[in-house]
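Happy to walk through this one with you. Let's take it as a set of questions and answers, with the model open alongside.

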Amino acid sequence: MIEELLQEFGQGSKRAVARIISLIENEDPTGRELLKILYKQSGKSYIVGITGPAGSGKSTLTDSLVKLMRRREYKVGVVAVDPSSPFTGGALLGDRVRMSDLALDPGVFIRSMATRGHLGGLSWAVRDAVVVLDAFGCDYILVETVGAGQSQVDIVGVAETIVLVTVPGLGDDIQAAKAGIMEIGDIFVVNKADRGDADQVARYLQTALEQGAKTEGWLPPVLKTIAWRGEGVEELLQAIEQHRSFLEQSGRLEPLRKLRVKEEVMERAERLILARLKREVRMEELIEQVYSRQLDPCSAAEMLVEEILPQGEPAERKVILKGRVCANESIKC
């Protein structure tokens, strides 16, 4: 099966791409083996994140942007992240339906993926899907996330350029400038700019960025678009290309990518360790001892870590990521 899929994949089969991503998303061991092979072929695509509140027209904007990229003969992948169905875990919104006219284009691959309850707006499988599309030879990969809120900043760990989309009429202008959201944008887009207060929103964003942003050589531009007409999309692609050039010429792209790799490795290690902790047979016994005050939580954590990590490991490696469990005596639990 692996050889057959790899052969089809190498021949440019979109069907093979879809099957591989499905295997990965369903945690099939075959998907994991395929990912290990394809990872070595990745690292060439440029990844753009498109995020913003629900109803801001992200899908329409993505659709228009992909069409423009295709006119320039770029091969494009799209990962559209949808809310999960509470019953099946599958995607509800179906961005592929909204972009159905692009689905027949041999130079475009579109995949809807569920958040599966992930608060940051991105499921764990999104990064893997990006790797597959990267290995498939996409010049650009667009990752469109579910409506942004303050916790939904996971796109930073995936994309090199982040486009933050907003629209007039969200209410208080402060809504557009929440801490944790303004900081992640490299390009700001006021979509549906045919509405009367679009200029006001754009001016507010521009002022907020000029006064509070740590530009480090790049001041995020504020653009206005009317996505359903394709207006302003040319300027958006130009801004994406300019930001890419800035990262490359300033020497920041490689460190950014290395940081993403480091964070991904740590995230995966955390998930594996936590999974092993949950399977630990002594877990319930220790919980009972902590609950009855026979044992304190930190000592219980240390005992669990001793169980799952090989003996003789350096003390600093007996630290569960993000400080959830720590067995290093120099670190307080």
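## Pocket, sheet and helices

Q: How much space lies in the largest pocket?
A: This is a predicted model, and the figure is computed from its atoms. The space in the largest pocket comes to about 810 Å³.

Q: Which helix gives the most residues to the lining of the largest pocket?
A: The lining is made up of 21 residues, and Arg32, Leu35, Asp128, Arg268 and Arg271 are those nearest the pocket centre. Elements that supply two or more lining residues are helix H2 (14-25), helix H3 (29-39), helix H7 (125-135) and helix H10 (253-279). With eight residues, the top contributor is H10.

Q: How many residues of the lining of the largest pocket are charged?
A: Sorting the lining by residue class gives eleven nonpolar residues and one polar residue. The charged ones number nine.

Q: Is arginine 268 buried, partly exposed or exposed?
A: Arginine 268 sits in helix H10, and is among the residues nearest the centre of the largest pocket. Buried would need a relative accessible area under 20% and exposed one over 50%. Its value is 26%, so arginine 268 is partly exposed.

Q: How far apart in space are arginine 268 and tryptophan 124?
A: In sequence, 144 residues separate arginine 268 and tryptophan 124. In space, C-alpha to C-alpha, the separation is 9.2 Å.

Q: Which strands stand at the edges of the sheet?
A: The open sheet has seven strands with parallel pairing, in the order S3-S2-S4-S1-S5-S6-S7. A strand with a single partner has one side left without a neighbour in the sheet, so the edges belong to S3 (108-114) and S7 (222-224).

Q: What is the average twist from one strand to the next?
A: The value is an average taken along the sheet, from strand to strand. That twist averages 20 degrees.

Q: Which residue in S6 stands opposite threonine 166?
A: Strand S5 (residues 161-166) pairs with strand S6 (residues 187-190) in the parallel sense, over four bridges. Opposite threonine 166 in S6 stands valine 190.

Q: What span should helix H9 have, going by its 17 residues?
A: Helix H9 covers residues 233-249, and the expected rise is 1.5 Å a residue. The C-alpha atoms at its ends are 24 Å apart, which agrees with the expected span of 24 Å.

Q: Which glycine follows H9?
A: Buried residues of H9 include Val233, Leu236, Ile240 and Phe246. After the helix comes a residue with a positive phi, near 75 degrees: glycine 251.

Conventions
Residues numbered from 1 in each chain as written. Predicted model: local features only at pLDDT ≥ 70, side-chain atom pairs only at ≥ 80, totals over all residues. Heavy atoms only, no water. 1 Å grid on protein atoms, 1.4 Å probe; cavity = no way out; pocket = protein on both sides within 12 Å on 5 of 7 lines; lining within 4 Å. Points joined across faces, edges and corners; volume = space filled by probe spheres on them. Nonpolar A, V, L, I, M, F, W, Y, C, P; charged D, E, K, R; others polar. Expected span 1.5 Å × (residues − 1). Buried < 20%, exposed > 50% of the residue type's maximum accessible area, 1.4 Å probe, protein only. Pairing = 2+ DSSP bridges. Axes fitted to C-alpha atoms, helices over the stretch in contact; angles between N-to-C directions.
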